[in-house]
Amino acid sequence: MWGRAAIKLYVSNSGERINVQASPTDTIASLIHRLAEETKIPTHAQILLTSDGSTLNPEDRVGNYPQLRDPKAVVYLFDRNYIFRSPSPKQVKVAVGINPPKILTECLAAIEPRSSDHSSSQELLERFKIQFDGHCKQAREFERCCTESKMDVVRILQELEVHLGSLDAAFYNLMNHRGSMVKMFDEFFSEFTAIVKESSTLFDNFEYDLGELRNVELHPALRIGNKTTLLDMQPEGRLRETLGKCRSWRDRLEKSVVELRAEFDEIREEVKKEEGQLKRVDLSWLKSAVEDVHQDAIYCHSLYKQVYDNFHKWLPAVLAEYPVDTKQLHGRDENQCRNLKGAQDRSRRTLDTVHRAHDLRPKIRAHFYNKLRVISKLQTKIRGCSKKLALYRQGSISLQQKCREFWKIKKLPDIYSSCVYETRRRITFQKQFMELISDFQSKLECAHTEEARRRWEFAKGFRGYLKLDFFPFLKSPPPRVIFPDKKFEKFPPMEPLEDTKSAVIVQDDSAEIKALKAELEQLKTQLQSTVKENKILRDEKESNSVLQQSKVVTPIKVINPASEEQAAERLRTLQRENKSLEAKLEMISQGMNKREEELQHKVEELREIQKNNAHLEVYVDKVKTEKKSMQTELENMSVKIVLLLKENRKLKAKEDRESMWKEQSNMRISFKSFQLHDIALFLERKGVYVAFNQDCPNRFLAPECQSVLKTKPLSVLGKIVQIRKGKVEPNRKNLYKLAMGTDYYELIVEFLQPVENH
């Protein structure tokens, strides 16, 4: 970090040179405001560029730019509005060079030596006085001519150097923008090429991917309604519509990127062309002319001094002698005339240089304005390309996001394979689980039957001795566990969330199921009674057949014909009843089977509803848990926000207090202690400025600060920027007249008002 220093600042429009005092902690924005007051250029119209083309950002500090540490560093100030308001080359009016001295056109005396007249008359001596007086005036005019010509040429050279230097800085800034734009465009073009290639592959294989989905049949457990293939699960129409939009979007974006690339290549060629034209401007001859003018000015100054001494010192001494040596006067006269002719030639040469410089000045200024306009237009084009590039980058990102839907289609068969594997695993688990439940149920039924038998035997053995209400606990039957139906052949499908309400309504049909069960029990009882009756009829039929056999075996027995007819009639009646009973039994069995199928279907629907309700309950629990966690998080966030607001208010109050104390401290004069950035009052005491203090002596204004003061005011007010400690020693000069070994402090300050006002 370096101390406070002067920054060389050149105003590119006027060629003016300004020195601005700034410290590393000063912001560029404060520097811009100071320049606005001094140069009358608005803050919004100022552009600050370093010699390497870097732009000074108003939000940064001076210390953020290491190149400004160099004492030779230069900052160029551009007026943004003046760039496009600058006059055309025909309208540029430049002041003509200095007028040639009067001595060059109307000589006071001819630069010719006097005739070699050896008479010593008073008239001849007066003529020599007039001759030498004219030589002195001529030499003075030649000196003034060369000096003013030198100043004019140097000023023009500095102005042209400022124009060309600021033009180089603007061009370097353009090159920096072009380099960053090239890097951004190369990165974007590589990314965009990859996106276009990827999207082309997806779009070209779209029909093939749909065919693959059409060939994949869904697992029975994963089917929903009439959807039998994997393609039925996808919105094919919407996908095709999205595909068409993505293709048109990609084609338009690709065409725009190609146009942007052509536009940027054109800008690069223009920048390259301008770079070649900027290097054609050469001021070397003007610099050498400035050196020649400087030598001519030195020569004329020495000649004037010599002629002045001859007229005011040598000539009176010669004329005081008697007799006057006219020969010596003639020799000195000839020598001065010869020298004055050389000075006259040099003056005319310097005037020619001035006129050439003034003739070059409008050309350079016109070149400066034209090139600055071109650079500004190229900068505008590059900024436009940057905006288009950002827009196209956003479009490519959107296109890439749209292509992800088609990637999902491509990966859907692999995902479906994983889903099928998981489905089969779950079905296998379901079967194994139900087998375990069936085995456990059979074991429980066996245990229940055995327990019921043992309790019945116990009750049968003590039936005559104990009453039924003697021990109530012994009257209870064995416990019984009722399991659901064991037939889980199919994996229960998931119901969509929209159908959960109807599923819950179906669950309330338990009364209908109970009625069906009661009707089934009644049919079973009727079937059992029919089976018993059928068995009795079969026994009677067998007894009749035995009687017939006995009648054939013992033909000797006398049989009554009437009784035989009655028995045959009864047998036929029994056979008819038997057939009717069998038909009735078959109808009852068919009805019972139908009822069992309906009951089984109702039970399966009930189980599916229960399964869906279970999923719904899990989902509701999950939603409740998430809601509770979000409420907790919201409460925590509200508490944190309240704490942050309190802390923010405390910090703001603290910052306000600090700023208030800082402002007050900046407005107060320190006299008990002296630190950096304090304000000190210095009083003049015997040619030395001593800081006004209390119990803090030996504080003096630094000598370099005192040298800035043109007058010696009684008091000086300044802000301390540096404190330098010293000690009075024998080998050092005691400026402040202190005792040996005394410590003292020299304060370097920044005056709070212009030095001229002191």
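# A tour of the predicted model

The charged end of Arg261 is placed over the ring of Phe189, at 4.4 Å from the ring centre. Select these two residues to begin, bearing in mind that the model is a predicted one.

**Aromatic residues**

Keep Phe189 displayed and add Phe185 and Phe264: ring pairs link these three residues into a cluster. A second cation over a ring can be found by selecting Arg346 and Tyr299. The charged end of Arg346 sits over the Tyr299 ring, 4.2 Å from its centre.

How many aromatic pairs does the model contain? The count comes to 9. Select Phe188 and Phe192 for one of them: the ring centres are 5.6 Å apart and the planes lie at 25 degrees, so this pair is stacked. Since an angle under 30 degrees counts as stacked, the assignment follows directly from the plane angle. Phe188 and Phe192 are 4 residues apart in helix α4, which means that about one helical turn separates them. Both Phe188 and Phe192 are buried.

Now select Phe429 and Phe433. Their ring centres are 5.8 Å apart, and with planes at 25 degrees this pair is stacked. Phe429 and Phe433 both belong to helix α8, residues 326-461, where they are 4 residues apart, about one turn of the helix. Are Phe429 and Phe433 buried or exposed? Phe429 is partly exposed, with a relative accessible area of 47%. Phe433 likewise counts as partly exposed, at 38% relative accessibility.

**His135 in helix α4**

Return to helix α4, which comprises residues 122-204, and select His135 within it. His135 counts as buried because its relative accessibility is 0%. Which residues does His135 contact, leaving aside its neighbours within four places in sequence? They are Val307, Asp333, Gln336, Cys337 and Leu340.

**The open sheet**

Next, display the sheet that α4 lies across. Four strands, in the order β2-β1-β4-β3, form an open sheet with mixed pairing. Its edge strands are β2 (16-22) and β3, each of which pairs on one side only. From one strand to the next, the twist averages 30 degrees.

Select β1, residues 5-11, together with β2: the two pair in the antiparallel sense over 7 bridges. Within this pairing, Lys8 stands opposite Asn19 in β2. Add α1 to the display; this helix packs on the sheet, touching β1, β2, β3 and β4 (74-79), and its direction makes about 140 degrees with that of β2. Helix α4 lies across β1, β2, β3 and β4 and runs at about 85 degrees to β4.

**The strands around β5**

Move to strand β5, residues 679-685, and select strand β8, residues 715-727, with it. The two run antiparallel and are joined by 5 bridges. Leu683 stands opposite Ser715 in β8. Then add β6, residues 688-691, which is joined to β5 by 4 bridges, again in an antiparallel arrangement. Here Arg685 stands opposite Val688 in β6. β5 and β6 form a hairpin with 2 residues between them, and Lys686 in the turn has a positive phi of about 55 degrees.

**Lysines with positive phi**

Most residues other than glycine have a negative phi. Two further lysines can be inspected on this point. Lys40, although not a glycine, has a positive phi of about 65 degrees. Select the loop between α1 (28-39) and β3 (46-50) to find Lys40. Because its relative accessibility is 69%, Lys40 counts as exposed.

Lys737 has a positive phi of about 55 degrees, and it too is not a glycine. Its place is the loop between β8 and β9 (743-751). With a relative accessible area of 74%, Lys737 is exposed.

**Cysteines**

Finish by selecting the cysteines. How many disulfides are there? The count comes to 0. Cys300 is in no disulfide, its nearest cysteine sulfur being that of Cys146, 3.2 Å away. A disulfide requires sulfur atoms within 2.5 Å. Cys300 is buried, with a relative accessible area of 1%, whereas Cys419 is partly exposed, with a relative accessible area of 36%.

Conventions. Residues numbered from 1 in each chain as written. Predicted model: local features only at pLDDT ≥ 70, side-chain atom pairs only at ≥ 80, totals over all residues. Heavy atoms only, no water. Pairing = 2+ DSSP bridges. Buried < 20%, exposed > 50% of the residue type's maximum accessible area, 1.4 Å probe, protein only. Contact = heavy atoms within 4.5 Å. Phe/Tyr/Trp six-rings, centres within 6.5 Å; stacked < 30°, edge-to-face > 60°. Lys NZ or Arg CZ within 6 Å of the ring centre and 35° of its normal. Axes fitted to C-alpha atoms, helices over the stretch in contact; angles between N-to-C directions.
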